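Hello,

Here is the structure I promised to pass on to you. Please open it beside this email, and then read on for what turned up in it.

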Amino acid sequence: MKFIIGDIHGEITKLKLLVKFIKDIDDKPELIFIGDYLDKGESSKKTLDFLIQLKNELKCVFIEGNHEYQWLNVCKENNIEEYLLKYGGKLTISSFEGIENVFQMKELFLKKYKDFFENLVPYWENKKYVVTHSGIPPKFYNKELNTIEKRHFLFNRYEFIKIEEMYKGKIVIFGHTGFYKPYFDGVKIGIDTSACYLKNQPITSFCIDREYFINSNNKKLDLNDINLNQCPSIVRLKPWRI
């Protein structure tokens, strides 16, 4: 079975629990990760190392998140360094021994973790679902996915969440916006449940074959049990580890 896994942000302990619970259901699942592996959480290094190891054991797809995009594009000529340090990058740097700044960190990513970062993809889709890190801008709903620039899948929020139609007849699964519980409005599914913001908030996954959620607290929720008329609250907190 295929499981879409929401934003991790370095929360390695929660990630390992979630993978264990998924493997209890299916010992050979296919895992599609929605991006944001780095920053804010417990250990970005341990998370990357675990994901690379996991790819050797299971079929995995890694979608690029806005945090990976920012790390790969930081340079002395732009202001991304400030963004990274403000939004959890200091914890990423501190999880690697001997790294002192974002430029050393980027260099390490491009050397030691080159294969991981080079194989990040902008989206994944099948006949029923489209998965991107933050959704799709409504102005591009009439365009094919492969004609949309990667950056347009990374930073969407309120305009996308407000749209009330499917993308070319498909449900869009997205992360990036942290909720307290999974989001579903009939045309979109949000699976970022703010694992890095509160100690007891889980990483959430969605099984697209059987249409239920399972999270790192080992709690299940059927898609059809979500009230379509009630939007879960967006988490607006500073990550608890910062």
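**What was found**

The side chain of S205 comes within 2.8 Å of the backbone oxygen of I214. Keep in mind as you look that this is a predicted model.

Let's stay with S205 for a moment. You will find S205 in strand β9, which covers residues 204–207. Is S205 buried or exposed? With a relative accessible area of 0%, S205 falls under the 20% cut-off, so S205 counts as buried. Setting aside the neighbours within four places in sequence, S205 is in contact with F3, I4, I5, L18, I22, Y212, F213 and I214. I214 thus appears in that contact list, and its backbone oxygen is the atom that the S205 side chain reaches.

Now for the whole protein. How many helices and strands does the protein have? There are eight helices and 11 strands. The radius of gyration is 17 Å, close to the 18 Å that the globule rule gives for 242 residues, so the protein is as compact as a globular protein of that length. If you turn the C-alpha trace along its principal axes, the spans are about 50 × 40 × 35 Å.

Buried residues make up 54% of the 242. Of the contacts with a separation of 6 or more, 66% are between residues 24 or more positions apart. The protein exposes about 11700 Å², and 46% of that comes from carbon and sulfur atoms. As for charge, there are 37 positive and 33 negative side chains, and the centres of these two sets lie 2 Å apart.

Two residues in helices are worth finding next. H67 sits in helix α3, residues 66–73, and H67 is buried at 2% relative accessible area. Beyond its neighbours within four places in sequence, H67 is in contact with H9, D36, L38, D39, K40, Y83, L84 and Y87.

K106 belongs to helix α6, residues 102–111. Why does K106 count as buried? Its relative accessible area is 18%, and buried means under 20%, so K106 is buried. Which residues does K106 touch, not counting those up to four places away in sequence? They are W71, L72, N73 and V74. Two of these can be looked at atom by atom: a polar atom of the K106 side chain lies 3.4 Å from the backbone oxygen of L72, and a polar atom of that side chain lies 2.9 Å from the backbone oxygen of V74. You can also try the distance from K106 to E68: they are 38 residues apart in sequence, and their C-alpha atoms are 10.0 Å apart in space.

Last, have a look at two loop residues and their backbone angles. E211 is in the loop between β9 and β10 (212–215). Phi of E211 is near 55°, a positive value in a residue other than glycine. E211 counts as partly exposed, at 22% relative accessibility.

N218 is in the loop between β10 and β11 (220–222). Here phi is near 65°, and N218 is likewise a residue other than glycine with a positive value. The relative accessible area of N218 is 42%, so N218 is partly exposed.

Enjoy exploring the structure, and do write back with questions.

Best wishes

Technical notes:
Residues are numbered from 1 along each chain as its sequence is written. This is a predicted model: local features need pLDDT of at least 70, side-chain atom pairs count only at pLDDT 80 or more; totals for chains, interfaces and linings use all residues. Side-chain values use heavy atoms; hydrogens and water are left out. Helices (H or I, at least four residues) and strands (E, at least two) are DSSP runs, numbered from the N terminus. The radius of gyration is taken over C-alpha atoms; the globule rule is 2.2 Å times the number of residues to the power 0.38. Buried means under 20% relative accessible area, exposed over 50%, partly exposed in between (1.4 Å probe, protein chains only). Contact means heavy atoms within 4.5 Å. Accessible areas come from the Shrake-Rupley method with a 1.4 Å probe; for residues, only the protein chains shown count as cover. Lys and Arg count as positive and Asp and Glu as negative; His and the chain ends are not counted. The place of a charge is taken as NZ of Lys, CZ of Arg, CG of Asp or CD of Glu. A polar contact is a pair of N or O atoms within 3.5 Å; within protein, one must be able to donate a hydrogen and the other to accept it, and residues adjacent in sequence count only if both atoms are side-chain atoms.
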